[in-house]
Amino acid sequence: MIDSTTALYGLIGSPVSGSRSPWIHNHVFETCGIPGAYLTFDIAPEALHDALRGFRALGVRGFNVTIPYKEAIIRELDHIDPAAARLGAVNTVVAAPEGWVGYNTDGPGLRAVIERHTGALAGRRVLVLGAGGASRGICGALMEAGVSEIAIWNRSPQRAEEMVRELSETQTGHTVLKAVTDSGVFQAYPLVINTTAVGMAPETEATPAAIGDLHPAAVVCDIVYKPHRTKLLRMAAEAGHPVIYGIEMLIEQALLAQKLWNGISDEQVDALRNALILEFEQFDK
Ligand code: ATR
C-alpha cells in the first residue's frame, strides 16, 4: 500500500510506455514488504537535467535508465561504478548518502542468465546480431566475461566493422572481434544473441537475419521480450535448440538493481526470479 513512508523509484527514458519494469519492481516491493513504488517517466532530452534535479529534490531513492539516456546520465552522477564506466553506460542509479552512484546491471544480468543456462562464458565463441547501442553493451559484457571470440553480424555491414574497431580500442582482454557478413557463419557459432529490436510487437513475424542452419549445439538468446516467444526463438526451438528468453534478462537486471537499492538477499532473488518468469509466461503466451 502507498502511504507516507513509501519511497519513489522509477525508470527514465523515451519511450517507456510498454516497459515491464514497473511490473517487476512493484512485485518486488509487494513480495518483500519494501515500502516503495516504481513509476515510468518519459522525458524529452531538453528536460532531462531539470527532471533529474527534481528527482534529487524529491528524494527519489533509485531509478533505472533506458534508451536514449544510458550514456547521457553519466554526467549527472556523483560517482560511477568502475564496471559501468568501462561499459560507458549506466542503467541503474542509487541515491546513496555520498550522492548518486551509477551502475550497469544489464551486462552482469545478461551474463548471469546465459551462464545459468549454458555454463561459464569464458572461452566461448559468440555470434551477436546487431551493431547498435544494445549490441555495444552486450559485447562489452561478453568481453568482461572473457569470451574468446565475438562475431558481429549486422544488416549494414559497415556498422559492424565500426563496432569492431570501437570495441578493439577499449578492450583490455583477449577477445577476437570480427565483423561477419555471410549468413553461412551462423552454423559456426554455438551461442547466438539477438541485440536488435527486430521481432518486437507488432512486427512479430520478423527476424533480424535470414536464419538458416545453426551450429548443432547452438543456444539462441533474444533481448526482445514482447512477444515472449519471438519468431527467432520459435524457429530455433522448433529446430531443437535451447533458447533463452528476453524477459529473463530484463528480470535479472531488475533484481540486481533491487539488490543495490534495497539489499535483497540471494534467496529472495531466486524466489522472485522464479515467480516472475512463471507469471510472465502465463500472461504472455
Ligand atoms: P539500439 O540502441 O536498440 O541497439 P540502434 O542503435 O538504433 O538501437 O540499433 C538498431 C540495430 O538494429 C542495428 O544493428 C540495426 O541494423 P542497421 O545498423 O543495419 O540499421 C538493427 N536493425 C534495425 N532494424 C532492422 C531490420 N529490419 N533488420 C535487421 N536489423 C535491423
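This briefing describes a sheet, a helix that packs on it, and the surroundings of a ligand. The structure is a predicted model. Its sheet is open and consists of six strands with mixed pairing. The ligand is surrounded by 13 residues, and the protein covers 67% of the 640 Å² of accessible area that the ligand has on its own.

**Sheet order and edges**

- The six strands follow one another across the open sheet in the order S2-S1-S3-S5-S6-S4.
- The edges are formed by strand S2 (36–42) and strand S4 (79–80); each has a single partner strand, so one side of each is left without a neighbour in the sheet.
- Helix H8, residues 246–262, packs on this sheet and touches S1, S2, S3, S5 (92–96) and S6 (99–103).
- The direction of helix H8 makes about 10° with that of strand S5.

**Strand pairing**

- Strands of a sheet pair through backbone hydrogen bonds, in either the parallel or the antiparallel sense.
- Strand S1 (residues 7–13) pairs with strand S3 (residues 62–65) in the parallel sense, over four bridges.
- Within this pairing, Leu 11 stands opposite Asn 64 of S3.
- Asn 64 also has a bridge partner in S5, namely Thr 92.
- S3 and S5 run antiparallel and are joined by three bridges.
- S5 pairs in turn with S6, again in the antiparallel sense, over five bridges.
- In S6, Val 101 stands opposite Val 94.
- The connection from S5 to S6 is a hairpin that passes through two residues.

**Ligand surroundings**

- Of the 13 residues around the ligand, the closest are Ala 131, Asn 154, Arg 155, Ser 156 and Arg 159.
- By class, the shell contains five nonpolar, six polar and two charged residues.

**Polar contacts with the ligand**

- Ser 156 contributes a side-chain N or O atom that lies 2.4 Å from an oxygen atom of the ligand.
- Ala 131 contributes through its backbone: one of its backbone N or O atoms is 2.8 Å from a ligand oxygen atom.
- Arg 159 places a polar side-chain atom 2.9 Å from an oxygen atom of the ligand.

How values were computed:
Residues are numbered from 1 along each chain as its sequence is written. This is a predicted model: local features need pLDDT of at least 70, side-chain atom pairs count only at pLDDT 80 or more; totals for chains, interfaces and linings use all residues. Side-chain values use heavy atoms; hydrogens and water are left out. Two strands pair if DSSP finds at least two bridges between them. Contact means heavy atoms within 4.5 Å. Axes are lines fitted to C-alpha atoms, for helices over the stretch in contact, and angles run from 0 to 180 degrees between N-to-C directions. A residue is near a molecule or strand if one of its heavy atoms lies within 4 Å of it. A polar contact is a pair of N or O atoms within 3.5 Å; within protein, one must be able to donate a hydrogen and the other to accept it, and residues adjacent in sequence count only if both atoms are side-chain atoms. Accessible areas come from the Shrake-Rupley method with a 1.4 Å probe; for residues, only the protein chains shown count as cover. Ala, Val, Leu, Ile, Met, Phe, Trp, Tyr, Cys and Pro count as nonpolar, Asp, Glu, Lys and Arg as charged, and the others, Gly among them, as polar.
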